[in-house]
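Work through these exercises with the sequence and the 3D structure side by side. Try each task before you read its solution.

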Amino acid sequence: MTHHASKQDLSVSALFNFSSHVALVTGGATGLGEMAAQAFVQNGARVFIASRKESELKATTERLNKLGPGTCEYIIADLKDKKGCLGLCDEVKKRTDRLTVLVNNTGASWGDDYYNFPEGGWDKLMALNVKSLFYTTVELEPLLLKGATPDEPGRVINIASMAGIQTTDVTTGEGGGLSQPGHGTFSYGPSKAACIHLTKMQASKLAPKNIMVNVICPGVFPSRMTNFGLDKYMDTLVSGQPTGRIGKPSDFGGLVLFLSSAGSAHMTGNVLEIDGGSTLTGFRGKRSESKI
C-alpha cells in the first residue's frame, strides 16, 4: 500500500511558500507588526500595513520595499472605534479583492495606580485590543474567503499577550518593570484575555468557511509598549527569562510565517505562547547580565 506522504510534496519550498500571499498587518509600522510585515515582504508576499502615523508608515514602507522581494504599501487608519475599522477595510477593498492573511496586531497598553485607575484606561484598551479585532475581521471576511479551501484556508492571526494568561499582581515593584514602580497595567491583561477568548469563538465560527484563526501571546519583545521597561529596567525583565534574553524579530516573524503557511493549514483556535518558557516552566531566576 502506498504511503499517504508519497502523494504530497513536503519540501520547505512547498510548505513555506509565501509568494502568492496578500497580507494586512494592523499596527504594522512599528514593533511586532513591523516584524511580521518584514517577514512577509522578505518572503515575497504583498503586504499592507496600517496605523495612525503616516511618518512611521512611510519610513517602514520604504525600508521594507528596499528589502524585497515582496512589496509593502501603507494605509493610514485609526482603529479606536467601529468607524475607523470600517474605514480601513473600505480602503483595503479598493486596493485588492483578496487577502490570504489578516494579522490583527493593533493594540495599546496603559499603566497607572490600581486605586486611581482612569476609566479611559479601560475604554481605550478594550476598543483597540478587542473591539477592533472583531470589526476588522468581520468586514474583511469576504476577502479572506476568496480562494480559500480546506487545503489552502484563509488565515487570521490575532496578537494578544502573555498578560492575557498570567494572573499575578501586575503592580511594578521597586526593581522596575513595564510601568513605573507602584503602577500596573491592570486593564491590559483583561483586554488580552478577551482577545484570546474572541479568537476561539472566531475559530469555531470561521473554520467551516475555511478560515483558520489563531492567537499569538508574546512575552517581552522590543516594541513601543515595552520601551519604557527596556530602557530603564532591562536586567529586571531579563531576570525572568530562563533563556537569558527577551524575544527578537526572528522569534515573532517566524511564528507568524508558520501560522500563515501550508504547514499550519489544519490548525485553528490555538493559543501560542512565545515567551521563552518563562511562564510554562515556572522559572523564577535571579537578576543576571543580559545576553542581548
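**Exercise 1. Decide whether glutamate 56 is buried, partly exposed or exposed, and place it in the fold.**

Solution. Start with the cut-offs: buried means under 20% relative accessible area, exposed over 50%, and partly exposed in between (1.4 Å probe, protein chains only). Glutamate 56 has 23% relative accessibility, so it counts as partly exposed. Next, find its element. Glutamate 56 lies in helix H3, residues 54–67. Helices (H or I, at least four residues) and strands (E, at least two) are DSSP runs, numbered from the N terminus. Last, look across to glycine 28. The two residues are 28 apart in sequence, and their C-alpha atoms are 9.4 Å apart in space.

A note on the model: it is predicted, local features need pLDDT of at least 70, side-chain atom pairs count only at pLDDT 80 or more, and totals for chains, interfaces and linings use all residues. Residues are numbered from 1 along each chain as its sequence is written, and side-chain values use heavy atoms, with hydrogens and water left out.

**Exercise 2. Describe the protein as a whole: its elements, its buried share and its contacts.**

Solution. Count the elements: there are eight helices and seven strands. Then take burial: 47% of the 292 residues count as buried. Now the contacts, meaning heavy atoms within 4.5 Å. Take those between residues at least 6 apart in sequence; 76% of them join residues at least 24 apart.

**Exercise 3. Trace the chain from S2 to S3 and find the cis peptide bond.**

Solution. First, pair the strands. S2 (residues 46–51) and S3 (residues 71–76) run parallel and are joined by six bridges. Strands pair if DSSP finds at least two bridges between them. Within this pair, isoleucine 49 stands opposite tyrosine 74. Then follow the path: from S2 the chain passes through H3 to S3, in a right-handed β-α-β crossover. Right-handed means that, with the strands pointing away from the viewer, the path from the first strand over the helix to the second runs clockwise. Finally, check the loop between H3 and S3, where proline 69 is found. The peptide bond between glycine 68 and proline 69 is cis, with omega about 0°.

**Exercise 4. Work out what S4 pairs with and which way its side chains point.**

Solution. Begin on one side: S1 (residues 22–26) pairs with S4 in the parallel sense over three bridges. Here alanine 23 has valine 101 as its bridge partner. Now take S5 (residues 154–159), which also pairs with S4 in the parallel sense, over four bridges. Here asparagine 104 has asparagine 158 as its bridge partner. Next, recall the rule: in a regular strand the side chains alternate between the two faces of the sheet. In S4 (residues 101–104), Val101 and Val103 point one way, and Leu102 and Asn104 point the other way. All four residues are buried.

**Exercise 5. Check the length of H5 against its expected span, then find its kink.**

Solution. The expected span of a helix is 1.5 Å times one less than its number of residues. H5 covers residues 120–145, so its 26 residues should span 38 Å. The end C-alpha atoms of H5 are 36 Å apart, which agrees. Now look for the bend, the angle between axes fitted to the seven residues ending at a residue and the seven starting there. H5 has a kink of about 45° at glutamate 139, shortly before proline 142. Just after H5, glycine 147 takes a positive phi of about 85°. Together, S4, H5 and S5 make a right-handed β-α-β unit.

**Exercise 6. Describe H6 and the loop that follows it.**

Solution. Compare the lengths first: H6 has 19 residues and reaches 26 Å from first to last C-alpha, close to the expected 27 Å. Then list buried residues of H6, among them Tyr188, Lys192, Cys195 and Leu206. The buried residues of H6 pack against H5, S5, S6 and S7. Move on to asparagine 210, in the loop between H6 and S6. Asparagine 210 has a relative accessible area of 18%, so it is buried. Its phi is near 70°, a positive value in a residue other than glycine.
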